[in-house]
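Please walk through the fold shown below, beginning with a small sheet and ending with a pocket.

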Amino acid sequence: MFGREGFETEVFSEGGYALARYGEGGKSIGLFAHTDVVPVNADEWIYTKPFEPKKFGDTLVGRGVSDNKAGVIASLFALRAMRDLGIKPKNRITVFLGSNEESGMADVQNFVREQKMPELSFVPDSGFPICLGQKGIFRFNVTAEKPFEDIVTMSGGSAYNIVCDKVTAEIKKTDAREKEMSAHPDFISVTVGTEFITVTATGKASHAAEAQNGINALKLMSEYLVTLPSLCEKDKKILRFVNESLSDAYGTSMGIASSNALFGALTASNGIVRLRDGRLEYTFDVRFGNVLTSAEIVSRIVKYFENGGFSYKKHSLSDCLSLPEDSEVVRTYMDAYRVLTGNSEAKPYIMGGGTYAYHLKNAYAVGFSVLKNSD
């Protein structure tokens, strides 16, 4: 698309990104957008199917339209507007199109290693007006030291950053257990087979940045299974601890709950669950501000899970990001936004989501849409 518009383009297949450029100059302003999307949950779509986008009035509904195809198109239109208006920037504008933002950001890390860092960057993967900071993101796995005895399989979830909304387990079948499970809560479904009883717990998906809006299916599953008289005490002990660790979306049980006016509340959510050699393994995505240091958070989490009979393994950790509100960039951006929108009350904000700005210097997440609290 950028190439058809006449812009200089280059694809870096091994690095997982592409670049488009406009203008000349030794310095560069970066626009960073991504083309990949979070995992699909077809059951959540109401007005259309996820891979069949439809237009409703002026709104397009479909897979990844907002996050982050809108940022890609906003970047394209920015270049087109300057070109069509005959605006020649003093510095080169470089558009980065990534493919791995939702699952590790290896693409932008490759860019940082292989390319010259822009002097200033905007990441159109958020809301207007401008983001001064992002919560830190800490992802880790925990694995039970002892295997289940009655529970044969358990799996669910699709990504670290999506609250686990469905978990399925197989339990050894006995006559007593079949009778016990004939009545169950609405969020549980039960299918009786020849050797095993299959149990499914259904919750509600939500992005990890808003974990409090989700309903964790692993928590629902553990709450239900510990009520079964016939389930062995060994399995119940594991499940009780799992249920405790998921008691809320704020990490209270782990001793990491914290909040302040700048970053809001820390959130902690489970995204994936599975069995490895009969041992339960599940993941966490923690979004945190600057109340506790990342070292304090990790230390408390490791101690909590070790005391509960689980081993800990770090997946990734990015500290929280906070940028000064009184910088020339922010003042200039906010002045332009207030003039163009007429919204003199608009203010910069802090968000819980993660963007490419983590890995860039002098980078600001900005809007392709208007946040509710900034309109």
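**Sheets, helices and a pocket**

In this predicted model, strand S8 (residues 131-134) and S20 pair in the parallel sense, and three bridges join them. Within that pair, Gly133 stands opposite Ile350 in S20. The two strands belong to an open sheet of three strands, ordered S19-S8-S20, in which the pairing is mixed. Strand S19 (321-322) and strand S20 (349-351) are the edge strands, and each of them pairs on one side only.

The setting of this sheet is a protein of 375 residues, of which buried residues make up 48%. Its secondary structure comes to seven helices and 21 strands. Taken along the principal axes, the C-alpha atoms fill a box of roughly 80 × 45 × 40 Å. Of the contacts between residues at least 6 apart in sequence, 74% join residues at least 24 apart.

Another open sheet has six strands, in the order S1-S2-S6-S3-S7-S21, and its pairing is mixed too. Strand S1 (8-12) and S21 stand at the edges with a single partner strand each, so one side of each is left without a neighbour in the sheet. On average, and with direction ignored, neighbouring strands of this sheet are turned by 25 degrees against each other.

Inside this order, S3 has S6 on one side and S7 on the other. S3 and S6 run parallel and are joined by seven bridges; here Gly30 stands opposite Thr94 in S6. The pairing of S3 with S7 is also in the parallel sense, over three bridges, and Ile29 stands opposite Leu120 in S7. Is S3 mostly covered, or is it mostly open? Six of the seven residues of S3 are buried, so by the cut-off of under 20% relative accessible area the strand is mostly covered. Further along the sheet, S7 and S21 pair in the parallel sense over six bridges, with Phe122 opposite Tyr364 in S21.

Two helices can be placed against these strands. H1 lies across strand S2 (17-22), S3, strand S6 (92-98), S7 and S21, and runs at about 145 degrees to S3. Helix H2 (residues 106-114) packs on the sheet as well, where it touches S2, S3 and S6. The direction of H2 makes about 60 degrees with that of S2.

Several of these elements meet again around the second largest pocket, whose volume is about 870 Å³. Which elements give two or more residues to its lining? They are strand S3 (28-34), helix H1 (65-84), strand S7 (120-128), helix H7 (328-341) and strand S21 (363-370). The largest share, eight residues, comes from H7. In total 24 residues line the pocket, and Ile29, Leu31, Phe122, Tyr333 and Val366 lie nearest its centre. By class, the lining has 19 nonpolar, four polar and one charged residues.

Two of the residues nearest the centre of the pocket, Ile29 and Phe122, have already appeared in the strand pairing. Ile29 faces Leu120 of S7 in that pairing, and Phe122 faces Tyr364 of S21.

Conventions
Residues numbered from 1 in each chain as written. Predicted model: local features only at pLDDT ≥ 70, side-chain atom pairs only at ≥ 80, totals over all residues. Heavy atoms only, no water. 1 Å grid on protein atoms, 1.4 Å probe; cavity = no way out; pocket = protein on both sides within 12 Å on 5 of 7 lines; lining within 4 Å. Points joined across faces, edges and corners; volume = space filled by probe spheres on them. Helix = DSSP H or I, 4+ residues; strand = E, 2+ residues; numbered from the N terminus. Nonpolar A, V, L, I, M, F, W, Y, C, P; charged D, E, K, R; others polar. Pairing = 2+ DSSP bridges. Axes fitted to C-alpha atoms, helices over the stretch in contact; angles between N-to-C directions. Contact = heavy atoms within 4.5 Å. Buried < 20%, exposed > 50% of the residue type's maximum accessible area, 1.4 Å probe, protein only.
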